[in-house]
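Me: I've got a model open and a few labels I'd like to see justified. Mind going through them with me?

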Amino acid sequence: MDINYFNQFSSYKEYEQNNKDVWVYTRVSSKEQFESNKSIENQTSAAQSYALSNDYHITETFGGTYESAKGDFTRKEFQRLIDAVKKSRNKPYAILIYKMSRFSRSGGFAIGLVTHLTDVLGIHLIEVSTGKTTVTERGKHEVLESLLYAKKENLERLEITMPGMKRFVEKGNWLGTAARGYDHYGPRVKDPRFHAPEQRIVINEEGKILKKAWQWKLKGEPDYLIINKMKKLGVVMSKQAVSEMWRRPFYCGVSTHSFLGGKSTRGNWEPIVSVKDFITINERLKSNSNNGYQQSKKHDGRPLQAILTCDSCGSKITGYKAKKKYDYYKCQNRECKSKDMNANDSVKRKGLNTLFREVLDGFKLEEEVISLVEEQMKLTVKRIDGDISSNRQRLLNLKNEVNEKLKKLERNSAFGDVPKDVYTELKNELIQELSSYDEQLEKSNLEISNLDRRIKDCVSLTQNLSEIWVSSDYENKVKLQKLIFPAGLSVDSENRLYRTKKINSIFSYILDTTGDSEGQKKDPLRKNLNGSLVVAGTGLEPMTFGL
């Protein structure tokens, strides 16, 4: 009997590898490594030699630059690689990496990523320097061990370097980038202009202007005025940056670096403001925000303050009450020459509130076009609902992928292929990811029911905007204003004109519709209002509402 006769009935199939395309990923950690050695060149050369000797074809190359391995998806080239892998129709057989530490040092997260690449996408990783590959289960286990070892190396480096960095900071030196207004000299500074044998942090020309800003703040000048003054002197700072500056002890020569464990120490640099003045300013800020006087932002007689800016200088419009009963809007910039504007009607002229009501009247639809607008709104809502459904399906697909990962993780853990600590870390990450998708799905759960009734309610709202605004309390007035004009309004105090860069798309459509009606010709106010919108729609100039 020839036992070989039975070979034809075997279920064994020999795997034939037809895909010879591979991608290459290279990386170094710092700019100094990138510029001073040939590591990237060596990594690329080794990958090319490996591909040649194994009859692979390199079709894409990623990396080729310096990116820290502190976080995987903080690396732009790494993110580009993973995005390309997921989106590519012609996926590579493998990704060639000189050493696994070049791929990732994140430990458990990297293991989950590699498992997804191999088990879900069918893409292998090959460590060029050793020949380790995820093609076999044994090889995959070795690759995963290499990734864990890379994480361990990172931890050991930190254990060695952190005590030295802590002592460096405790001696009054600064670790990291110095605050704005200072030039940072030292042996490891990236800019060659600032190389020096020892650290020196000195005030530069910009810092001299910031020094003036601190003195202006000490005198009680508001931030917007300080920002304008600095701008005239050539220093441009956002209001957020200025607000952060007041609360940064670096400027008074004090270090509160995280390496100090919540403590403070004197820094070895010249302060821009004295400790005494820094404390004075911060106690004043604290008092204003918590315990002391708080200016109320709620002004029932001046609801437009929430969205108005000055057309002349761009500053925010505030207001005041004269003789305890007359409300006025005014520009908060003391140097601006715009006039104060009465909120309500006076003997001589209409108030801004009345003029705003007339703007709202401009959104009222003519009876003959209401049915057309309702049909258009239905189409718009259905399109939005379609987008939401598409997004929900995407989230469901991602959720299913994570569930599959969890199943495989559980299976691998049951067979003892994953260490217990790695299993716990990966499981927590996946459960967290699932929770995130569940939250997004809940937010996207838009139910469009009784569409006809809801559309009619919406149109009814536009027909009564002026009345609704007048009868609403302060909070609802503000909500309505922001709904219609999400970018706010600017006001010309001389000519009493409102301008805006953006109108809610539904209300913009209504204005276009009212502009086509015959009734428009009889109302010069609405004609000017709508005509300006048409001009603005071309992108040539801002929208203007004639009042």
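Me: What makes the contact between the side chains of Glu 206 and Arg 180 a salt bridge?

Reply: This is a predicted model, and in it the N to O distance for Glu 206 and Arg 180 is 3.1 Å. The cut-off is a Lys or Arg side-chain nitrogen within 4 Å of an Asp or Glu carboxyl oxygen, so the label fits. The two sit in distant parts of the chain, 26 residues apart: Glu 206 belongs to helix H7 (residues 205-218), Arg 180 to the loop between H6 and strand E6 (182-185).

Me: Is Glu 206 buried, exposed or partly exposed, and how do you know?

Reply: Partly exposed, because its relative accessibility is 24%, and that class runs between the 20% limit for buried and the 50% limit for exposed. Arg 180 gets the label too, with 35%.

Me: What about Asp 119 and Lys 140: how do you know that they form a salt bridge?

Reply: Their side chains meet at 3.0 Å, N to O, and the limit is 4 Å. Asp 119 is part of helix H5 (residues 108-120) and Lys 140 part of helix H6 (residues 137-170), so the bridge ties together parts 21 residues apart in sequence.

Me: Why is Lys 140 called buried?

Reply: Because its relative accessibility is 8%, and buried means under 20%. Its partner Asp 119 comes out at 33%, so that one counts as partly exposed.

Me: Which parts of the chain does the pair Asp 311 and Arg 499 tie together?

Reply: Start with the distance: the closest N and O atoms of Asp 311 and Arg 499 are 2.7 Å apart, and that's a salt bridge. Asp 311 is in the loop between strand E10 (308-310) and strand E11 (317-322), while Arg 499 is in strand E15 (residues 497-500), so the tie spans 188 residues of sequence. Asp 311 is partly exposed, given its 31% relative accessibility.

Me: Which residues are linked in a network of salt bridges?

Reply: Arg 302, Lys 321 and Asp 327 make up such a network. For the whole structure, the salt bridge count is 14.

Me: And the overall picture: how many helices and strands are there?

Reply: You're looking at 18 helices and 16 strands. Of the protein's 547 residues, 40% count as buried. Take contacts between residues at least 6 apart in sequence: 61% of them join residues at least 24 apart. The exposed surface is about 32500 Å², with carbon and sulfur atoms supplying 50%.

Definitions and conventions. Residues are numbered from 1 along each chain as its sequence is written. This is a predicted model: local features need pLDDT of at least 70, side-chain atom pairs count only at pLDDT 80 or more; totals for chains, interfaces and linings use all residues. Side-chain values use heavy atoms; hydrogens and water are left out. Helices (H or I, at least four residues) and strands (E, at least two) are DSSP runs, numbered from the N terminus. Buried means under 20% relative accessible area, exposed over 50%, partly exposed in between (1.4 Å probe, protein chains only). Contact means heavy atoms within 4.5 Å. Accessible areas come from the Shrake-Rupley method with a 1.4 Å probe; for residues, only the protein chains shown count as cover.
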